[in-house]
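Dear colleague,

I am passing on the structure below, together with some notes on what came out of going through it. Please read the notes with the coordinates open beside them.

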Amino acid sequence: MTRPIWATFPFWLAYLLPPLIIISVYNRGWFVALPITVVFVILPVLDWLSGVASIPREAPDLAFNNWFRIVTWLWVPVQVALIAWLVAIVPMRQLTPHEIVAAVIAVGATTGAIGMTFAHELIHRRHGYERMFGHILLASVTYPHFAIEHIKGHHRHVGTPRDPATARLGESVYQFLPRSVLGGLISSWHIERRRLWELEARTWSRHNMMLRVAFVEVLIYAAIAFGFGRVAVAVFAGQSAVAIVILEVINYIEHYGLLRRKSKPWEYERVKAEHSWDSPNRISNWLLINLPRHSDHHLSAAKRYQTLELLAHAPRLPGGYGAMFLLAFVPPLWFHVMNPRVAAARGNAPI
């Protein structure tokens, strides 16, 4: 029997952030920092206090409950409207520089943590319209190539030196960020060039998805510049930069130090549960639609978020994504907490 809408309620938590941002900005002053405090302080603390969820085995009816899909679909117009409000209204309200910066960070934190996560869910789906929703979300944060690299690159090469999104043992987040961003862009280009070569099509042609998404981004920036001016362009680029950093820090957390062994000189073992970090913390899973059940996602990328499980053999993070996100920005503490766990995970010892 299909579960009713109430089963989806925890996953609507993300929808509280856009109105909070708008109300805070309209109240001016230090109120504009409230959403930042909520995202980076209050939610991580609540995540820690809420503890871990008791996760039941997968219920077959969950995959066929359309309300779970609507949770992700509705975020597309919400995010587009939030960004449109940011670029059209915020520069016109004569805000102080610190108020503008706070608004940009608040929106970028939302489009990065929530928008990128929802986009990640959607680009994995087999229906073209859902993948299109994912592409819209990625275009709205100037990161459209992520759909190419993540699906055809990351999932194939995760846990190997070929994957720019797998953080190496002893690599700080500050070293990882430029390597992952630039490496993902280069990898996307090579993936697309190889696809066109196999189709016997020219790289520099309208068939190149990298060129097409780049053209779309140019149009978006041109439209914002023409309609709202240079400040609006800077605001849009700013929220995109914040969103990209948040996505890549999450990438850093998800696979830090976990490597696949070579099965042959030119091949790696298949992806296992041991190659991703899981987190059972309630709010992390509610806010990020079960992204912290990351091992199951890599084993079964076609599974929708509501059916993902915590796997027994997957290594566990010592905290929720919010706490680990903050910890990552203090490399000595990160290494102190995580490096022994990486060693234990690599040796298949209890963590």
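**Isoleucine 220 and its surroundings**

Isoleucine 220 lies in helix H9, which spans residues 209-228; please keep in mind here and throughout that this is a predicted model. With a relative accessibility of 24%, isoleucine 220 counts as partly exposed, because the buried class ends at 20% and the exposed class begins over 50%. Once residues up to four places away in sequence are set aside, isoleucine 220 touches Ala139 and Phe236. Serine 140 is 80 residues away from isoleucine 220 in sequence, yet the two C-alpha atoms are 8.5 Å apart in space.

**The chain as a whole**

The protein chain comprises 14 helices and two strands. Its radius of gyration is 20 Å, close to the 20 Å given by the globule rule for 351 residues, so the chain is as compact as a globular protein of that length. Along the principal axes, the C-alpha atoms fill a box of roughly 60 × 55 × 50 Å. Of the 351 residues, 52% count as buried, and among contacts between residues at least 6 apart in sequence, 70% join residues at least 24 apart. The chain exposes about 16600 Å², of which carbon and sulfur atoms supply 68%. As for charge, there are 33 positive and 21 negative side chains, and the centres of these two sets lie 2 Å apart.

**The largest nonpolar core**

In soluble globular proteins, nonpolar side chains tend to be buried together. Here the largest nonpolar core has 79 residues, of which Ile114, Phe118 and Trp334 touch the most other members. Helix H5 (residues 97-123) contributes the largest share of this core, with 13 residues. Beyond its neighbours within four places in sequence, phenylalanine 118 is in contact with eight residues listed here in full: Ala14, Tyr15, Val71, Thr72, Trp75, Leu137, Leu287 and Ile289.

**Two positive phi angles**

Most residues other than glycine have a negative phi, and two residues may therefore deserve a look when you check the backbone. Isoleucine 289, one of the contacts of phenylalanine 118, has a positive phi of about 35 degrees although it is not a glycine. Isoleucine 289 is found in the loop between helix H11 (282-287) and helix H12 (294-299), and at 3% relative accessibility it counts as buried. Glutamate 200, in the loop between helix H8 (173-198) and H9, has a positive phi near 60 degrees, but this residue is exposed, with a relative accessible area of 76%.

With best regards

Note on methods. Residues are numbered from 1 along each chain as its sequence is written. Side-chain values use heavy atoms; hydrogens and water are left out. Helices (H or I, at least four residues) and strands (E, at least two) are DSSP runs, numbered from the N terminus. Buried means under 20% relative accessible area, exposed over 50%, partly exposed in between (1.4 Å probe, protein chains only). Contact means heavy atoms within 4.5 Å. A nonpolar core is a set of buried Ala, Val, Leu, Ile, Met, Phe, Trp, Tyr and Cys residues joined through side-chain atoms within 4.5 Å. The radius of gyration is taken over C-alpha atoms; the globule rule is 2.2 Å times the number of residues to the power 0.38. Accessible areas come from the Shrake-Rupley method with a 1.4 Å probe; for residues, only the protein chains shown count as cover. Lys and Arg count as positive and Asp and Glu as negative; His and the chain ends are not counted. The place of a charge is taken as NZ of Lys, CZ of Arg, CG of Asp or CD of Glu.
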